[in-house]
Amino acid sequence: MTRYTLLFAAAALASGLAANAQVNEMRVDVKKPGAPIQPTMYGLFFEDINYGADGGLYAELVKNRSFEFPQRLMAWKTFGRVEVLADGPFERTPHYVRLSSPGHPHKRTGVENEGYFGMGVKAGEAYRFSVWARMAQGEASPSKIRVELAKPNSSSERHTLAAQALTVDAKEWKKYTLTLTPEVTEAKAVLRIFLESPAPVDLEHISLFPAATWQGHENGLRRDLAQALADVKPGVLRFPGGCIVEGTDLATRYDWKKTVGPVENRPLNENRWHYTFPHRFYPDYYQSGGLGFYEFFLLAEEIGAEPLPVVSCGLACQFQNSSPEAHVPVQDLAPYIQDALDLIEFANGNASSAWGKVRAEMGHPAPFNLKLIGIGNEQWGAEYPAHLEPFVKAIRKAYPSIKIIGSSGPDSEGQQFDYLWPEMRRLKVDLVDEHFYRPESWFLSQGARYDRYDRKGPKVFAGEYACHGKGKKWNHFYASLLEAAFMTGLERNADVVHMATYAPLFAHVEGWQWRPDMIWFDNLASVRTASYYVQQLYALNRGSHVLPLTMSQKPVAGGENQNGLFASAAWEEKDNAIIVKVVNTSNKPQPISIAFAGLKKTEALTGGVCIKLYTDDVDMDNTIEHPQAIVPQESPLSVSGSALSTTVEAYTFAVYRLLKTKN
Ligand code: AHR
């Protein structure tokens, strides 16, 4: 279904049917700005799913760099004499490899790493190789290695993209670095290390990063992906998940304490997404912990978002564990509660406190100013409030100003939802995290969802949501449009909805488990989807206060006689702007007229801008090959008097920004 066929059909219909010429008359009351719209309102939710962290945002190019995968040499090819040993320099990552001479001058010994679906390297860009190494015990002469980036499945010189020699001259473990600068771009390079001396060598934590990471951090993030996050100007960053917070079992839950301190000594964790969907099975998907809680806090700070860490409440993933034995008994929760308290100290404690010291030694003496914490992911049943309660008590006592986020379970409504909301009220959590991955019909019917919410008690955090097309469970524009429509209801109800984050955030084109997602990437490039632009348009045009917007005295929420329209309005105090968002979910152009009531005699509206998101084919989205197919289109906007008359084309999300000036 293309935009042109639709417009043509609509025009033909319009000539015969007077109803289509009907102007949708809306009214915005500018006199009394309503509820404040929280700065946290539009944010981001990060989870290590779809290779979102290792192989994605985390810029490390070497997979299984510390030989800690259960199959120690997974992701490595070895040739010649390679042994895996387990008495390395890092207590929590003890494995390393020893390369010894193959015993013949024409034979070779070495290792080759495949990266994450290969290693993406760009011509002329520098890559920082580092390795912990030592001369193998008992040897007197230095060892030599050759480090090279090469095209895959190749061994001849002409396939080498960059190479450097390195002499390992110390008997004790020491970090060595060198730079590789390939002359050509290659999406699927491999990293090879050859032993070049008769003397053997021990190698541990073999790492390769682009020199140009986000903000230049050594243990850094991929620049294009972090920039995409920064460009949203998000109000909040929820991390590290999702289901990975819970783990498939308690042993594999996300334990933040294992993700801080020297990166070489962070133990490996299993990533539950490697086996969750047998049809998308990735047996080599683990969490290195390289993108850990320090890095998340730093990222949040650098992109201007409030950090929102989520910790385990002692319940392993309830989808995967029906037996009560899988979880921590409530009376044994003390260490888990201590983890939550220690996390707050890690983020906010001064540098002389036990955990504040860890943060300071990692390079951030100033506190991160944490204000929010999530306890548990989408838990359910009577066990959830029972587990949550002691956390709430302990956190309230030690840190009364920290806001606690509870959960209403995995469903947008129904038995668990109806049970958990009153429980969250009883426990007086500050916000309730709602999750909804739902089809088009749900999004079309939920424009007024929050109009009906209780104004007292906890606020809403729509922490995971996305429109999953029925039979079209992948990124396409129509789903994004319905997300935009639904979000008018979040904005209109900003007194009760304080935060919202789309999910999931990232997906590798070759390694995804779950779609749709907000940002896709391969080893060299990334693409912002239509859903990304919807989120960004809301965040960049948030406004500071809600303005009432009605059509025939009713909110515009896709209701009866509203012609598939959804709308909301806000006032931005800083530049005295009025922002109106209109989503036309119908297949017909909709003429609208917006009367701005309540302007003072001394005030006038001047034109501003109109930003529209639309496409010719609503079944399509941006792709790596065509990343700009659907991007916001901006044009000047003029108004006459105190009204705006215009047409919102079929299947279009429009943002109108007007300025209130003195006349
Ligand atoms: O976003 C993917 C998953 O969906 C999250 O891990 C979980 O919280 C939800 O079920």
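In which sense do strand β24 and β25 pair, and over how many bridges? Strand β24 (residues 519-521) and β25 run antiparallel to one another and are joined over three bridges, where strands are DSSP runs (E, at least two residues) numbered from the N terminus and two strands pair if DSSP finds at least two bridges between them. Within this pairing, Ile519 stands opposite Arg528 in β25.

This is a predicted model, in which local features need pLDDT of at least 70 and side-chain atom pairs count only at pLDDT 80 or more, while totals for chains, interfaces and linings use all residues. Residues are numbered from 1 along each chain as its sequence is written, and side-chain values use heavy atoms, with hydrogens and water left out.

The open sheet has three strands in the order β23-β24-β25, with mixed pairing. Because β23 and β25 each have a single partner strand, they stand at the edges, and one side of each is left without a neighbour in the sheet.

| Edge strand | Residues |
|---|---|
| β23 | 506-508 |
| β25 | 526-528 |

The structure holds zero disulfides, a disulfide being a pair of cysteine sulfur atoms within 2.5 Å. The closest cysteine sulfur to that of Cys243 belongs to Cys317 and lies 4.8 Å away, too far for a bond. Cys243 counts as buried at 10% relative accessibility, and Cys610 counts as buried at 5%, where buried means under 20% relative accessible area, exposed over 50% and partly exposed in between (1.4 Å probe, protein chains only).

Methods
Helix = DSSP H or I, 4+ residues; strand = E, 2+ residues; numbered from the N terminus.
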